[in-house]
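Please read this briefing with the structure open beside you, and look up each part of the chain as it is named. The points are grouped by topic.

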Amino acid sequence: MLPTTLLITNKTNISYFSHFTGSNGVLLVHKDKGYLLTDARYHIVAKKVLPPDYSIIDITGGFDAAWSQLLKRLKPRVIGYEGNDISLAFFNKIKKKSSPIKLEDVECSIEEMRMAKTEEEVRSIKKAQSITDSLF
């Protein structure tokens, strides 16, 4: 079972869950609400693409302070993270700033979540395949 709080660092997974494709940012999903931590360069684009229940957390002044404030507000007990994607330096920073919250590697579970397709995704795949077929 996945923790109720997930730290998404893989850019493809960030895009999948939030539609944000910028090069700087991480996503924290907590009980079906998302928090995109990114700097001011990406705020305008993020506001246009994020789902309605997602918020932007400004890290222009520094990631550490924004992360700590967000965790104080959300009070998660466990944070799942993508073990194959996160750098050791970033993991150590998160671990230090998240104490005493438990960190749990959920890489495979997140990938499995993406395997299940919604009806909208299936329609999009079929449409893309149809376009490809017509080109050939």
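In this predicted model, Glu111 has its place in helix α5, which covers residues 107–115. Is Glu111 buried, partly exposed or exposed? With a relative accessible area of 28%, Glu111 is partly exposed, because the value falls between the limits of 20%, under which a residue counts as buried, and 50%, over which a residue counts as exposed.

**Surroundings of Glu111**

- When its neighbours within four places in sequence are left aside, Glu111 is in contact with Asn13 and Glu82.
- Ser18 lies 93 residues away from Glu111 along the chain, and the C-alpha atoms of these two residues are separated by 15 Å.

**The chain as a whole**

- The protein chain has six helices and six strands, and when it is read along the sequence these elements follow the pattern β-α-β-β-α-β-α-β-α-β-α-α.
- A box of roughly 55 × 35 × 25 Å, taken along the principal axes, is filled by the C-alpha atoms of the protein chain.
- Of the 136 residues in the protein chain, 40% are buried.
- Among the contacts in the protein chain with a separation of 6 or more, 52% are made by residues that stand 24 or more positions apart.

**The sheet**

- Strands of a sheet pair through backbone hydrogen bonds, and this pairing can be either parallel or antiparallel.
- In this model, six strands form an open sheet in the order β4-β3-β2-β1-β5-β6, and the pairing is mixed.
- The edge strands are β4 (54–58) and β6 (102–105), each of which pairs on one side only.
- On average, and with direction ignored, neighbouring strands of this sheet are turned by 25° against each other.

**Pairs of strands**

- Strand β3, which covers residues 33–38, pairs with β4 in the parallel sense over five bridges, and Leu36 stands opposite Ile56 in β4.
- Strands β1 and β5 also pair in the parallel sense, here over two bridges, and the bridge partner of Leu6 is Gly80 in β5.
- Strands β5 and β6 run parallel and are joined by four bridges, with Tyr81 standing opposite Asp105 in β6.

**Helices against the sheet**

- Helix α1 (residues 11–18) lies across β1 (5–8), β2 (26–30), β3 and β4, and it runs at about 50° to β2.
- Helix α4 (residues 88–98) packs on the sheet, where it touches β1, β2, β5 (78–81) and β6, and its direction makes about 145° with that of β6.

**Pockets**

- Which classes of residue line the largest pocket? Its lining has eight nonpolar, one polar and three charged residues, and the pocket has a volume of about 200 Å³.
- The residues that line the largest pocket include Leu2, Pro3, Leu6, Ile8 and Phe17, as well as the charged residues Lys31, Asp32 and Asp53.
- The second largest pocket holds about 150 Å³ of space, and Tyr16, His19, Thr118, Glu120 and Glu121 line it.
- By class, the lining of the second largest pocket has one nonpolar, two polar and two charged residues.

Notes. Residues numbered from 1 in each chain as written. Predicted model: local features only at pLDDT ≥ 70, side-chain atom pairs only at ≥ 80, totals over all residues. Heavy atoms only, no water. 1 Å grid on protein atoms, 1.4 Å probe; cavity = no way out; pocket = protein on both sides within 12 Å on 5 of 7 lines; lining within 4 Å. Points joined across faces, edges and corners; volume = space filled by probe spheres on them. Buried < 20%, exposed > 50% of the residue type's maximum accessible area, 1.4 Å probe, protein only. Contact = heavy atoms within 4.5 Å. Pairing = 2+ DSSP bridges. Axes fitted to C-alpha atoms, helices over the stretch in contact; angles between N-to-C directions.
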